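Me: Please take one part of this structure and go through it closely, in connected prose that I can follow with the model open beside me.

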Amino acid sequence: VKSPQGRLLVVVNAPFSRTPYVGKTIDRGVSLGVRDVNGRGGVVIGGKPYVLRVQRADNALSPRRALQNVRRAVDDGAVAIVDEGTGVAASWRVAQRAGVPIGIVYQGGEDLVDPETRPNVFRVAPSNHGIAFRLAEYLVPKKLKVALVHDDSDYGDDGAESLRRAFSRNPEAVAISLRLPVTTGALDVAPQILRAKRAGATALLVWGLPPTIASAITAARTSGWDVP
């Protein structure tokens, strides 16, 4: 997509309000890349140079918001969307019809990327499958009883499914599996962490958004549980 000003738009679709750490990290990475490209003269198309500019869109971890952001990005003439991953199951179609690629840089759900059905969606992050199996390969030989804890975000639920598959051959290594209801804003996870402790877990594995991880660690340490 060409513009009269010789500018090309890249949109960052991320949860700036709900998980600022994730949104800002993605944005900083994109901004760094854009500065590097522009510093080398931009992108040359048909003999004409174009510089990149970044536009930020807050999905607030809402699939509906994420879809609306992608529609707006397409309407604004974006040439690419860098996406946290929320709502891609619906937004990829909108982007594909406009010939716009989506690069997922955070969520690693195994169903998010499919070269056959979603040819415009790419992953710029490790898959949940790879991470989960590496965790299992690392933890199982240590003879630990692992508490698998995840939150109820799309990221957490997708990760839990990958963990279930990864530990399925060694069920004896799992003490308990728990889902934390945190997307409603309630981050008091002390009762669930206590359940994990009482289940005899000797290791705690938390798969979730940054606030979930922080809350789980705080709950464990506050209760005096120094589990790894």
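Reply: A good place to start is Gly41, which comes after helix α1 and has a positive phi, near 100°; helices, like strands, are DSSP runs counted from the N terminus, with at least four residues of H or I for a helix and at least two of E for a strand. The model is predicted, so local features are given where pLDDT is at least 70 and side-chain atom pairs at 80 or more, while totals for chains, interfaces and linings use all residues. Residues are numbered from 1 along each chain as its sequence is written, and side-chain values rest on heavy atoms, with hydrogens and water left out.

Helix α1 itself takes in residues 20-39, and its 20 residues reach 27 Å from the first C-alpha to the last, close to the 28 Å expected at 1.5 Å a residue (the expected span being 1.5 Å times one less than the number of residues). Within α1, the buried residues are Val22, Gly23, Ile26, Asp27, Val30, Ser31 and Val34. These residues lie on the same side of α1, because they cover an arc of only 155° around its axis, the arc being taken over directions from the axis to the C-beta atoms. Buried here means under 20% relative accessible area, exposed over 50% and partly exposed in between, for a 1.4 Å probe and protein chains only. The face turned away from that buried side carries Tyr21, Arg28, Leu32, Arg35 and Gly39, which are exposed. The cover over the buried residues of α1 includes β1, β3, β4 and α7 (210-222), judged by contact, that is, heavy atoms within 4.5 Å.

Helix α2 can be read in the same manner. For the 13 residues of α2 (residues 63-75), a rise of 1.5 Å a residue should give a span of 18 Å, and the end C-alpha atoms are indeed 18 Å apart. Ala66, Leu67, Asn69, Val70 and Ala73 are its buried residues, and since they fall within an arc of 160° when seen down the axis, they line one face of α2. On the other side of α2, Arg64 and Asp75 are exposed. The buried residues of α2 pack against β1 (7-14), β3 (48-58), β4 (78-83) and α3 (88-97). Just after α2 comes Gly77, with a positive phi of about 85°.
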